[in-house]
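Colleague: I am new to this structure and would be grateful for a close look at a single part of it. Please begin there and then place that part beside the wider layout of the chain.

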Amino acid sequence: MQKPIILDCKNVWKIYGAQASRIHREHDGNPSSETLKDHGLIGAVRAVNLQIRQGEIFVIMGLSGSGKSTLVRCLSRLVEPTGGEILFEGKDLLTTSDAELIEIRRKKMGMVFQQFALLPHLTVLENTAFPLEVQGIPQADREARAREVIELVGLKGRESYYPRQLSGGQQQRVGIARSLAVEPDLWFLDEPFSALDPLIRREMQDEFLRLQNLLHKTIVFITHDFDEAIRLADRIAVMKDGKVVQVATPEELVLNPATEYVEEFTRHVSRSKVLTVGAVMTRGGDDIKTAGDVGIGQRIEAVADMLEASELPFKVLDDEGNAVGTIGRQAVIDVLVGRVLKK
Ligand SMILES: Nc1ncnc2c1ncn2[C@@H]1O[C@H](COP(=O)(O)OP(=O)(O)O)[C@@H](O)[C@H]1O
Ligand SMILES: [Mg+2]
């Protein structure tokens with residue numbers, strides 16, 4: 001069963017420049033690229049429709065300047081959209097009063113940005129507890145909560161350090177702890193790991209997945225790095241020039257890129273990292289002798305060694321545990337050498 005939609009973003013526009021609202025209105029809320037250009041306007045976000053479901057990691061991916069940050073800021077109305085509707089838990093954020101909006105942001109949304117933005121004269125504990133202090137939560141309670149999230153992000157023992165005494169990765173952990181301190185329903189992360197070295201970035205991605213396994217937040221995660229996107233995402237929206245060109249699972253994106261732009265990103269991705277058993281199994285085969293079971297949703301990478309080492313194929317089980325097909329070495333080899341064709 002599909003999870004409920006937490007954030008529903010309908011035909012959202014953000015146009016920068018003089019008279020942006022008027023031009024948007026006069027062109028029936030749908031100005032063309034030419035119109036925008038003629039008026040010297042920038043269509044940072046154009047006609048974006050997205051539904052973000054409870055508990056998913058929804059990644060927005062695109063090159064620098066494609067409109068990702070503007071879109072995510074529109075979603076929390078840190079940037080005022082030029083047009084559209086944004087329903088958060090059923091409520092239209094664009095018609096919500098400023099006071100109510102501040103409440104929603106403070107209590108229901110968490111945000112992490114590329115710049116760690118820690119307060120230099122506050123300790124790790126104080127930085128983490130800061131959003132709770134702003135909410136007027138008593139010191140003992142907010143410190144207890146801060147200690148919990150500090151431990152969660154792996155910084156136990158460093159509560160009294162100052163930001164300058166921490167590495168970049170550790171500083172971003174504080175940023176993550178601080179955003180989690182308020183227990184947000186919706187968690188926005190705008191390129192949180194982009195400023196970190198590649199090795200640290202991998203480590204942070206693993207940490208992030210570990211956290212999500214514990215917390216099951218609804219997450220909008222922004223990156224310009226396709227590898228990061230496919231590692232983390234349940235679904236990916238690919239942006240180009242302010243528009244969303246495709247929304248799909250990592251696997252669907254690689255198998256069926258909607259445009260050349262998307263295909264370009266997927267070209268260098270190792271297929272075994274994204275393709276699942278279900279995409280390459282052979283259906284049926286109840287009577288075939290098998291060596292064991294694999295899950296239909298497992299990535300090929302995770303089962304490749306086992307399948308390759310076995311003469312016999314494996315039985316494929318769906319999420320309910322029913323046998324739905326078989327998969328053997330040949331399928332793995334086909335994936336690894338890129339012989340799997342588009343569906
Ligand atoms: N405050 C602003 N005023 C004018 N143009 C802006 C502003 N913020 C962003 N833009 C433009 O909007 C486009 C999208 O920017 P941005 O959302 O930052 O992209 P991304 O996050 O994908 O790199 C870019 O062309 C950028 O120059
Ligand atoms: Mg950005």
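Which residues surround ligand 1?

Modeller: The model is a predicted one. In it, ligand 1 is surrounded by Tyr16, Ile42 and Ala44, together with Leu63, Ser64, Gly65, Ser66, Gly67, Lys68, Ser69 and Thr70. Several of these residues place a polar atom beside an oxygen atom of the ligand. For Thr70, a polar side-chain atom lies 2.5 Å from an oxygen atom of ligand 1. Lys68 also has a polar side-chain atom there, at 2.8 Å from a ligand oxygen. Ser66, by contrast, takes part through its backbone, with an N or O atom 3.2 Å from an oxygen atom of ligand 1.

As to the wider layout, the chain is divided into domain 1, made of residues 5–10, 50–108 and 184–269, and domain 2, which covers 272–336. Seven residues of domain 1 and five residues of domain 2 form the contact. The centres of the two domains, taken over C-alpha atoms, are 31 Å apart. Between domain 1 and domain 2, about 520 Å² is buried, and carbon and sulfur atoms give 66% of that area. On the side of domain 1, Ile230, Glu251 and Leu255 lose the most area to domain 2, and together they account for 66% of what that side buries.

Two residue pairs are in polar contact between the domains, while the count of salt bridges is zero. Helix 10, residues 250–255, gives the most to the side of domain 1 that touches domain 2, contributing four residues. By class, that side has six nonpolar residues, one charged residue and no polar ones.

Notes: Residues are numbered from 1 along each chain as its sequence is written. Chains are lettered from A and ligands numbered from 1 in the order in which they are written. This is a predicted model: local features need pLDDT of at least 70, side-chain atom pairs count only at pLDDT 80 or more; totals for chains, interfaces and linings use all residues. Side-chain values use heavy atoms; hydrogens and water are left out. Domain bounds come from an automatic or database domain assignment. Contact means heavy atoms within 4.5 Å. Buried area is the accessible area (1.4 Å probe) that two parts lose on being put together, summed over both. A salt bridge is a side-chain nitrogen of Lys or Arg within 4 Å of a carboxyl oxygen of Asp or Glu. A polar contact is a pair of N or O atoms within 3.5 Å; within protein, one must be able to donate a hydrogen and the other to accept it, and residues adjacent in sequence count only if both atoms are side-chain atoms. Helices (H or I, at least four residues) and strands (E, at least two) are DSSP runs, numbered from the N terminus. Ala, Val, Leu, Ile, Met, Phe, Trp, Tyr, Cys and Pro count as nonpolar, Asp, Glu, Lys and Arg as charged, and the others, Gly among them, as polar. A residue is near a molecule or strand if one of its heavy atoms lies within 4 Å of it.
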